[in-house]
Amino acid sequence: MFTMYAVCASGIGTSLFSRKLIQDAVRELGYDTSDIRVSCIGVQEAIGTNTDVFVTGSTIAKNIPDMPGVEKVIVVNMINDLVGMKKALEPVLEKAEMAGKVKKL
């Protein structure tokens with residue numbers, strides 16, 4: 001299972017909205033959503049959490065240490081910019097597809 005966490009300050013605000021946006025972007029990019037789990041998390045919980053991808057804004061990203069094998073995707077508008085979310089996630093999902101972690105429908 002390929003995992004992505006939407007990260008905001010507390011894990012109950014912006015990340016809830018962005019989780020839906022991430023799911024919509026994944027579907028519109030043509031990926032099988034049964035291979036991908038998207039959840040919400042606060043920045044303090046994110047530190048040390050094992051995942052494939054963190055999706056967050058630039059301010060929060062600075063507070064999450066770099067971890068081997070974990071990509072940080074920075075999106076300017078995590079609430080309603082579907083075009084921006086797709087653009088940010090497309091290279092990450094393509095890389096995951098090449099590694100056999102996700103597949104297109």
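The exercises below concern a predicted model of one chain, each with a worked solution. Residues are numbered from 1 along the chain as its sequence is written, and side-chain values use heavy atoms, with hydrogens and water left out. Local features need pLDDT of at least 70 and side-chain atom pairs count only at pLDDT 80 or more, while totals for chains, interfaces and linings use all residues.

**Exercise 1. State how many helices and strands the chain has, and the order in which they run.**

Step 1. Helices (H or I, at least four residues) and strands (E, at least two) are DSSP runs, numbered from the N terminus.
Step 2. Under this rule the chain has 4 helices and 4 strands.
Step 3. Read from the N terminus, their order is β-α-β-α-β-α-β-α.

**Exercise 2. Compare the radius of gyration of the chain with the value for a compact globule.**

Step 1. The radius is taken over C-alpha atoms, and the globule rule is 2.2 Å times the number of residues to the power 0.38.
Step 2. For 105 residues a compact globule would have a radius near 13 Å; the chain has 12 Å, so the two agree.
Step 3. The C-alpha trace spans about 35 × 30 × 20 Å along its principal axes.

**Exercise 3. Decide whether T3, I41, Q44 and D52 are buried or exposed, and place each in its element or loop.**

Step 1. Buried means under 20% relative accessible area, exposed over 50%, and partly exposed in between (1.4 Å probe, protein chains only).
Step 2. T3 lies in strand β1 and is buried, because its relative accessibility is 11%.
Step 3. I41, in strand β2, is buried at 6%.
Step 4. Q44 belongs to helix α2, residues 43-46, and is exposed, with a relative accessible area of 61%.
Step 5. D52 sits in the loop between α2 and β3 and counts as buried at 15%.
Step 6. For the chain as a whole, 47% of the 105 residues count as buried.

**Exercise 4. Find the contacts of T3, D52 and I41, leaving aside neighbours within four places in sequence.**

Step 1. Contact means heavy atoms within 4.5 Å.
Step 2. T3 is in contact with R37, T51, D52 and V53.
Step 3. The contacts of D52 include T3, M1 and F2, along with G69, V70, E71 and K101.
Step 4. I41 touches Y5, A6, V7, C8, G11, S15, A46 and T49.
Step 5. In the chain, residues 24 or more positions apart account for 63% of the contacts with a separation of 6 or more.

**Exercise 5. Describe the largest nonpolar core and name the element that gives the most to it.**

Step 1. A nonpolar core is a set of buried Ala, Val, Leu, Ile, Met, Phe, Trp, Tyr and Cys residues joined through side-chain atoms within 4.5 Å.
Step 2. The largest such core has 23 residues, and those with the most contacts inside it are F2, M4, I22, I36 and L89.
Step 3. Elements giving two or more residues to this core are β1 (2-8), α1 (14-28), β2 (36-42), β3 (53-56) and α4 (82-98).
Step 4. Helix α4 gives the most, with 6 residues.
Step 5. Apart from this core lies another, of 10 residues, among them Y5, V7, I60 and M67.
Step 6. As background, nonpolar side chains tend to be buried together in soluble globular proteins.
Step 7. Leaving aside neighbours within four places in sequence, the contacts of M4 include I22, I36 and L89.
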